[in-house]
Amino acid sequence: MTGVLNVSPAPIFRPFSAHKLSRNNRVLFVKSMAQSSDSSNGSTSLSTKEEPNSSFSPPPNFKPPKPKPFTPRGDKILDILGASLALIFRLGTGALVSGYSASFVPKNEVPSDQYALEIAGFKVKESSNIGPRPEKPIEIYEFERRNSPVSSLTLPGMEHVGISSAARFVGRLNYSFDLFPFLFFQIVKDVNLLQVREIVAILDLDVLYYPCPRNGPNFRPKVGQMGGKLQFPYMVDPNTGVSMYESDEIIKYLVGKYGDGNVPLMLSLGLFTTLTAGFAMIGRMGKGSSYKPSKLPPKPLELWAYEPSPFCKVVREVLVEQELPHILHSCARGSPKRQVLYERVGHFQVPYLEDPNTGVQMFESADIVEYIQATYAR
Ligand SMILES: N[C@@H](CCC(=O)N[C@@H](CS)C(=O)NCC(=O)O)C(=O)O
């Protein structure tokens, strides 16, 4: 399974100048994938604090594991259960692409070179009305605060997520300084990104994510440079040159440009959306929001995944904590990209990681997490 990739994404970073700067004052010019392939989209070069390491290799004796569908590794059952809460509270939002339909057919009706999930001797034929997707990945600078609810209560900024209705709701609960209001305020503030990720899955978009964890040295400051304020998520569409803050605006833009113009019901129910998205995060509080020192690779990792899958969620958390830019090949149920991966690898399962910096390609969430930590943690 280990080998050199046949897709070689453009480096995130511009070639470094011949001068090597001292470790403490290195300045690097960073370009996004899309920026490097087309300078006419209005994107700007930006400086980062970190120099990407130029050579990475897989951990010693690395062997990619065999895929084991729908089976968490024994020591990760609680993690996967916690991550599954999102699927339950959000009623599976993001699990199916737009216009999804499915039918059960006898096994022998589906040719062996076609991806189809097998259930109880039947194959599930799935389809969608997704048309051609944008040429270049959408770029999203992401930060999802998932603190322990009592460790940082940050009320300012809640106006971004319709806090007036949330505050009225809490008021009715006779607000006092016990755990629930802390928890409530915290989660209400942090649900924006989840909804954006859900729409990415529904619209089957590929996204180049730039993680901006708390204290992340590289991409977080760029958001301020590009858009004028430190607010997340921040989206840049290199296909149109449009960039914006505000999850609601981003969702409206994406469904208008790449969908049928209608915001899905579960993303447009106001306080209900906010609450369910907030509770969806409870199982993973404290994960995927604070920077853990890491080595920055020259190329983005590529992850085949989709938002509500608990197996994918635990991998995304580590990519965010390590501040590793990654291209998400979104492939919720009904996505034509499932067939693409099936043809490429002979099996479909997510998460599936391709690392162009080492040539590693692998399934299995727990092993992917360990691989990322072994390769990139400082
Ligand atoms: N043991 C695997 C399980 C991953 C898994 O089962 N993923 C599901 C999505 S949640 C999948 O890809 N199933 C195959 C399919 O949907 O056809 C891991 O930990 O990564």
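**Note on the predicted model: a three-stranded sheet, the core and the ligand shell**

1. Ser101 stands opposite Ser127, a residue of β5. This pairing, like everything that follows, is read from a predicted model, and it belongs to the contact of β3 with β5 (residues 122-127), two strands that run antiparallel and are joined by 6 bridges. Another pair across these strands is Ala102 with its bridge partner Glu126 in β5.

2. On the β4 side, 3 bridges join β4 to β5, and here too the strands run antiparallel. Leu117 has Val124 of β5 standing opposite. The hairpin of β4 and β5 leaves 2 residues between the strands, and Ala120 in this hairpin takes a positive phi near 50 degrees, a backbone value that a colleague may wish to look at in the structure above.

3. Taken together, these strands form an open sheet of 3 strands in the order β3-β5-β4, with antiparallel pairing. The edge strands are β3, covering 101-106, and β4, covering 117-119, each of which pairs on one side only. On average, and with direction ignored, neighbouring strands of this sheet are turned by 35 degrees against each other. As general background, the strands of a sheet pair through backbone hydrogen bonds, in either a parallel or an antiparallel manner.

4. For the protein chain as a whole, the model has 11 helices and 13 strands. Of the 378 residues in the protein chain, 41% are buried. When contacts between residues at least 6 apart in sequence are considered, 78% of them in the protein chain join residues at least 24 apart.

5. The largest nonpolar core contains 67 residues, and those with the most contacts inside it are Tyr141, Ile199, Val207, Leu303, Ala305, Val315 and Leu319. In soluble globular proteins, nonpolar side chains tend to be buried together. Leu319 can serve as an example from this core: once its neighbours within four places in sequence are left aside, Leu319 is in contact with Pro211, Leu301, Leu303, Leu324, His326 and Ile372. Leu303 thus appears both among these contacts of Leu319 and in the list of core residues with the most contacts.

6. Which residues come nearest to the ligand? Of the 15 residues around it, these are Phe70, Ser309, Phe311, Gln349 and Ser365. Sorted by class, the shell around the ligand has 9 nonpolar, 4 polar and 2 charged residues.

Technical notes: Residues numbered from 1 in each chain as written. Predicted model: local features only at pLDDT ≥ 70, side-chain atom pairs only at ≥ 80, totals over all residues. Near = placed C-beta within 6 Å. Nonpolar A, V, L, I, M, F, W, Y, C, P; charged D, E, K, R; others polar. Pairing = 2+ DSSP bridges. Helix = DSSP H or I, 4+ residues; strand = E, 2+ residues; numbered from the N terminus. Axes fitted to C-alpha atoms, helices over the stretch in contact; angles between N-to-C directions. Buried ≥ 20, exposed ≤ 12 C-beta atoms within 10 Å, placed from the backbone. Contact = placed C-beta atoms within 7 Å. Core = buried A, V, L, I, M, F, W, Y, C linked by C-beta atoms within 7 Å.
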